[in-house]
Amino acid sequence: MGSEAVPVWLVDLWVEDNAGCLKEPFSPAVVACETGVDLGRALRRCLELVLDGRLELVWEMFCPACFCKWRKAGPDISCPSCGKVLSFHDVYLLFSVTPEYRKHVAEHRSKRIVFSYSRTLRRAGK
Ligand SMILES: [Zn+2]
C-alpha cells in the first residue's frame, strides 16, 4: 500500500486534535510522520491551511557560520548576528496554529463535550 492511499485530510484532523497543545511552531515533517501522509502532500496541505487562516507560517533560520538560530514571520537572507548570506538549506518552514483557530477549536471542543455529557445524562434517565 503506497502513501498515496493515506487521505490528506488526516492533516486537518491532526491540526485540530493538536491545536490546543501546539504552543511551539511545528515542522511539516512531524505531521507527515504522525499522519502517514507523505511530506510533499502534508506540506502542501499545511500551506492551504495557512490560506484558510488555521495556520500561520514561521520561518526558522540557522546560521552555519555562527550557529545562531532565530524565527520570524518572513525569511531573512542574511544572519543578523554575523551577516553571513544564508542559502535555502539554512531556512526551514514551520507552522503555528493561529490564535483564532486555537480559540475556535477550544470552544467547539468544549461544546461537544458538554453536548455529549448532557446526552449521557439523558440516556442515564434524566
Ligand atoms: Zn551568523
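Start by selecting L10, V11 and W14 in helix α1, then add V31, E34 and T35 in helix α2: these two groups meet each other. Contact here means that the C-beta atoms of two residues, placed from the backbone, lie within 7 Å. The residues of this contact divide into four nonpolar, one polar and one charged. For that count, Ala, Val, Leu, Ile, Met, Phe, Trp, Tyr, Cys and Pro are nonpolar, Asp, Glu, Lys and Arg are charged, and the others, Gly among them, are polar.

Before moving on, a word about the model. What you have open is a predicted model, in which local features need pLDDT of at least 70 and side-chain atom pairs count only at pLDDT 80 or more, while totals for chains, interfaces and linings use all residues. Residues are numbered from 1 along each chain as its sequence is written.

**Stop 1: the two helices**

Now show α1 (residues 10-18) and α2 (residues 28-35) as cartoons; their axes come within 10 Å and cross at roughly 110°. That makes α1 roughly perpendicular to α2, a label for angles of 65 to 115 degrees, with under 35 counted as roughly parallel, over 145 as roughly antiparallel and the rest as oblique. The axes are lines fitted to C-alpha atoms, for helices over the stretch in contact, and angles run from 0 to 180 degrees between N-to-C directions.

**Stop 2: the core**

Keep V11 selected and look around it. Leaving aside residues up to four places away in sequence, V11 touches V31, T35, V37, A42, R45 and C46. Next, add V15 and L55 to your selection: of the 13 residues in the largest nonpolar core, V11, V15, V31, A42, C46 and L55 touch the most other members. α1, α2, α3 (39-52) and β3 (91-97) each supply at least two residues of this core, and α1 gives the most, with three residues.

Such a core is a set of buried Ala, Val, Leu, Ile, Met, Phe, Trp, Tyr and Cys residues joined through C-beta atoms within 7 Å. A residue is buried if 20 or more other C-beta atoms lie within 10 Å of its own, exposed if 12 or fewer, and partly exposed in between, with C-beta atoms placed from the backbone. Across the chain, buried residues make up 15% of the 126 residues.

**Stop 3: the sheet**

Zoom out to the whole chain, and you should find four helices and three strands, following the pattern α-α-α-β-β-β-α along the sequence. Helices (H or I, at least four residues) and strands (E, at least two) are DSSP runs, numbered from the N terminus.

Colour the strands next. They form an open sheet in the order β2-β1-β3, with antiparallel pairing. β2 and β3 stand at the edges, each with a single partner strand, so one side of each is left without a neighbour in the sheet. From one strand to the next, the twist averages 30°.

Two strands pair if DSSP finds at least two bridges between them. Strand β1 (residues 55-62) pairs with β2 (residues 69-72) over four bridges, and seven bridges join β1 to β3. Pick E60: it stands opposite R71 in β2 and opposite Y92 in β3. Then try F62, which stands opposite K69 in β2, and V58, whose bridge partner in β3 is L94.

Bring α3 back into view as well: this helix lies across β1 and β3, running at about 125° to β1.

**Stop 4: F67**

Follow the chain from β1 into the hairpin with β2, which has six residues between the strands. Select F67 in that loop. F67 has a positive phi of about 65° although it is not a glycine. With 10 C-beta neighbours inside 10 Å, F67 counts as exposed.

**Stop 5: E100**

Finish in helix α4 (residues 99-123), where E100 has its place. Is E100 buried or exposed? E100 counts as exposed because it has 11 C-beta neighbours inside 10 Å. Add G53 and draw a distance line: the C-alpha atoms of E100 and G53, 47 residues apart along the chain, are separated by 8.1 Å. For the chain as a whole, residues 24 or more positions apart account for 55% of the contacts with a separation of 6 or more.
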